[in-house]
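Hi,

Here is the model I promised to pass on. Have a look at it first, and my notes follow underneath.

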Amino acid sequence: MCGIAGIFHLSTPKPVDPARVERMCDAIAHRGPDGQGVWTAPGVGLGHRRLSIIDLAGSPQPMAATNGRAMLVFNGEIYNYRELREELRATGAVFHTDGDSEVILAAWQRWGVDCLPRLHGMFAFAIYDLDQRTLFLARDRLGVKPLFLAPLADGSLIFGSELKALTAHPLLRREADPLAVEDYLTWGYVPDTRSILKGVEKLPAGHYLLLRHDAAMPRPVQWWDISFAERRRGSAADLEAELLLLLRQAVTSRMVADVPLGAFLSGGVDSSSVVALMAETSANPVKTCSIGFDVAALDETGYAKQIAERFQTEHRSRTVSPDDFTAIDTLAAMFDEPFADASALPTWRVCQLARENVTVALSGDGADEALAGYRRQVFQRNEDRLRGLLPSSLRRPVFGALGAAYPKADWAPRMFRAKSTFLSLAASSEEGYARALSVTPPEVRDRIYAPDFQRLRGDYRAEQELVDLMNRAPARSGLDRAQYADLKFWLPGDILTKVDRTSMAVGLEAREPLLDHRLIEFAAGLPERLRTQRGQGKWLMKKAMRRYLPDDILYRPKQGFVTPISQWFRGPLAEAARAIGESAGLARMGWFDREQLAQIASAHIAGRSDNARLLWQLLMLERSLERLGVAG
């Protein structure tokens with residue numbers, strides 16, 4: 001697990017200043033505190049910061065292939081590298097290290113771009129091939145590891161693991177993209193299809209770029225996708241057994257490390273399942289940790305303690321208080337782009353707690369997306385059944401009118417928020433899911449945008465991108481398309497970004513066994529009845545894990561890693577909420593109606609509506625733009 005950065009000249013192979021690459025790497029030094037290196041040749045420079053996990057002393061980077069004809073910088077882990085090494089040895093490859101980096105180089109020299117499907121793991125890497133004079137950039141299937149890109153005016157392309165690596169280059173322009181602001185206000189993050197800075201891109205998950213000197217920059221090539229188009233055959237018992245086998249393989253493959261290893265434990269189904277399977281395999285007690293809240297209704301540490309006692313783990317916990325809000329500037333610096341998932345705060349704290357004892361921690365991320373564990377996915381399936389009973393010519397006017405007239409009820413669970421349900425039913429299945437996934441609906445965004453920003457935005461609406469993605473999905477049903485959107489859009493943009501930045505900020509490697517691609521591909525083919533039953537998501541996984549976990553863990557209402565920002569903004573942080581409405585920084589950009597922002601803040605503090613998520617979005621946007629020093 002590391003940080004990478006580099007420069008590649010697309011036109012004339014000009015000399016690359018190694019000091020410039022080094023400065024880019026220094027900006028992401030937190031990702032790799034154990035070592036650094038820079039390599040340059042005509043037209044290319046590669047830089048690396050290392051967090052040592054496997055082959056601690058024997059795999060420094062940038063790394064040269066055995067024959068010296070290719071150079072690699074790599075961020076991530078390849079879990080099947082030992083099997084690949086033996087396969088490559090049988091073809092004549094020679095290895096001088098015990099790590100996975102050298103295996104990637106040998107795989108590239110043997111198979112070219114076709115090496116990618118053979119790599120099982122999380123990764124973002126760059127390989128410069130001296131014979132072909134090409135730069136090969138690749139990102140893992142689901143986007144666990146990030147890679148930012150930006151073409152510059154001097155004909156070069158710069159890249160790095162985080163945006164701050166690119167902003168360390170003096171030629172990068174710092175101009176905000178208004179369409180990215182529209183995306184951010186809609187989703188709470190800037191998705192992988194855009195960046196907060198104009199001209200900066202992200203290599204999409206499951207894609208690669210093959211760049212050549214004296215050639216135009218090509219479009220990324222997709223090398224992996226997930227398909228929901230086919231259904232697996234077999235009895236529920238057989239499919240349950242196959243799922244459990246895949247779960248065991250995914251967990252055990254991620255327990256290989258030459259440094260202390262542990263797990264995050266929230267007490268929910270997913271993290272508890274990972275810990276149970278780790279305990280089954282490990283000869284020593286599993287090291288676990290959890291974060292709680294000083295708001296009792298949101299605190300899950302009791303469930304985490306129950307699992308820790310059940311599997312006799314070495315467990316530690318810590319409580320997050322409203323005082324942690326003072327860390328907002330640290331969060332803004334951590335993410336670079338505005339990021340408004342407030343669970344980033346406790347995620348960072350649990351990473352800090354874990355790092356006190358381990359260097360690698362397994363998480364439970366991924367099962368909700370793959371196995372239909374989110375309530376919104378279950379609601380989507382139910383709403384699609386209702387949509388099927390009425391033609392759209394009748395649904396849109398009837399439910400649209402009901403949605404417009406019905407009062408807003410932020411305080412109620414979604415199933416009782418008739419306004420949201422009516423508006424969703426009035427739309428197509430894809431439009432309804434985009435509304436369910438969004439943080440700030442279009443009518444609220446329209447209200448808070450200033451006229452100048454409305455002109456900059458034009459006809460663009462962030463939801464359309466998700467609608468188009470769902471319409472293109474290799475899928476058979478509305479539930480399929482919803483899960484596809486979660487895996488391809490929400491997961492890399494929100495969940496994986498959150499875990500990557502918060503873990504790497506403290507020099508911790510987070511591994512996601514429930515995102516093993518073989519497990520994901522298996523889950524995508526499950527019949528819907530084995531994904532959701534009687535309002536329960538992750539039905540087959542819960543059934544498979546009953547031999548390990550009690551029902552009060554498996555079937556209790558899902559909480560998630562929720563931060564009590566609503567209470568904070570009405571209590572100890574009420575003044576911070578008022579300050580958002582009066583923000584000079586946001587007013588200076590000229591994008592928002594200050595009067596509307598003030599009304600939103602006062603309505604939340606008074607309890608007339610719950611605007612906490614929007615307030616948090618605006619606050620994080622202001623701090624991020626200030627740190628980036630962008631122009632509107």
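Which strands does helix α7 lie across, and at about what angle does α7 run to β13? Helix α7 (residues 269–281) lies across β13 (261–264), β14 (287–293) and β16, and its direction is at about 150 degrees to that of β13.

Before the rest, some housekeeping. This is a predicted model, so local features need pLDDT of at least 70 and side-chain atom pairs count only at pLDDT 80 or more, while totals for chains, interfaces and linings use all residues. Residues are numbered from 1 along each chain as its sequence is written, and side-chain values use heavy atoms, with hydrogens and water left out.

The terms for this part go as follows. Helices (H or I, at least four residues) and strands (E, at least two) are DSSP runs, numbered from the N terminus. Two strands pair if DSSP finds at least two bridges between them, and contact means heavy atoms within 4.5 Å. Axes are lines fitted to C-alpha atoms, for helices over the stretch in contact, with angles from 0 to 180 degrees between N-to-C directions.

The parallel sheet

The strands under α7 belong to an open sheet of five strands with parallel pairing, in the order β15-β14-β13-β16-β17. At its edges are β15 (314–320) and β17 (509–511), each pairing on one side only. On average, neighbouring strands here are turned by 30 degrees against each other, direction ignored. Strand β16 (residues 360–362) and β17 run parallel and are joined by three bridges, with A361 opposite A510 of β17. Helix α8 (residues 301–310) also packs on this sheet, where α8 touches β14 and β15 and makes about 165 degrees with the direction of β14.

The antiparallel sheet

Another open sheet has six strands, paired antiparallel in the order β4-β5-β6-β7-β11-β12. Its edges are β4 and β12 (221–222), which have a single partner strand each, so one side of each is left without a neighbour in the sheet. Two bridges pair β4 with strand β5 (residues 70–78) in the antiparallel sense, and A64 stands opposite M71 in β5. Helix α3 (residues 101–111) lies across β4, β5, β6, β7 and β11 (207–212), at about 120 degrees to β5.

Aromatic pairs

How many aromatic pairs does the structure hold? There are 16, where rings of Phe, Tyr and Trp (its six-membered ring) pair if their centres lie within 6.5 Å, and planes under 30 degrees apart count as stacked, over 60 as edge-to-face and the rest as tilted. One of them is F125 with F136, edge-to-face at 5.8 Å centre to centre and 65 degrees between the planes. F125 sits in strand β6 (residues 121–129) and F136 in strand β7 (residues 134–139), so the pair ties together parts that are 11 residues apart in sequence. Both F125 and F136 are buried at 0% relative accessibility (buried is under 20% relative accessible area, exposed over 50%, partly exposed in between, with a 1.4 Å probe and protein chains only). Ring pairs link these two with W108, F123, Y208 and W223 into a cluster.

Cysteines

With a disulfide taken as a pair of cysteine sulfur atoms within 2.5 Å, the count is zero. C115 is in no disulfide, and the nearest cysteine sulfur, that of C2, is 18 Å away. C115 is buried, at 0% relative accessibility. Why is C289 not bonded to C351? The sulfur of C351 is the closest cysteine sulfur to that of C289, but at 8.0 Å it is too far for a bond. C289 is buried too, with a relative accessible area of 3%.

Some spots in the loops

D341 is in the loop between α9 (328–335) and α10 (344–355), and is buried at 16% relative accessibility. Its side chain makes a polar contact with the side chain of S343 (2.5 Å); that term means a pair of N or O atoms within 3.5 Å, where within protein one must be able to donate a hydrogen and the other to accept it, and residues adjacent in sequence count only if both atoms are side-chain atoms. Not counting residues up to four places away in sequence, D341 touches G188, D494, K498 and W616.

For the backbone, Q61 and P62 are joined by a cis peptide bond, with omega about 0 degrees. Q312, in the loop between α8 and β15, has a positive phi near 50 degrees without being a glycine, and is exposed at 65%.

Cheers
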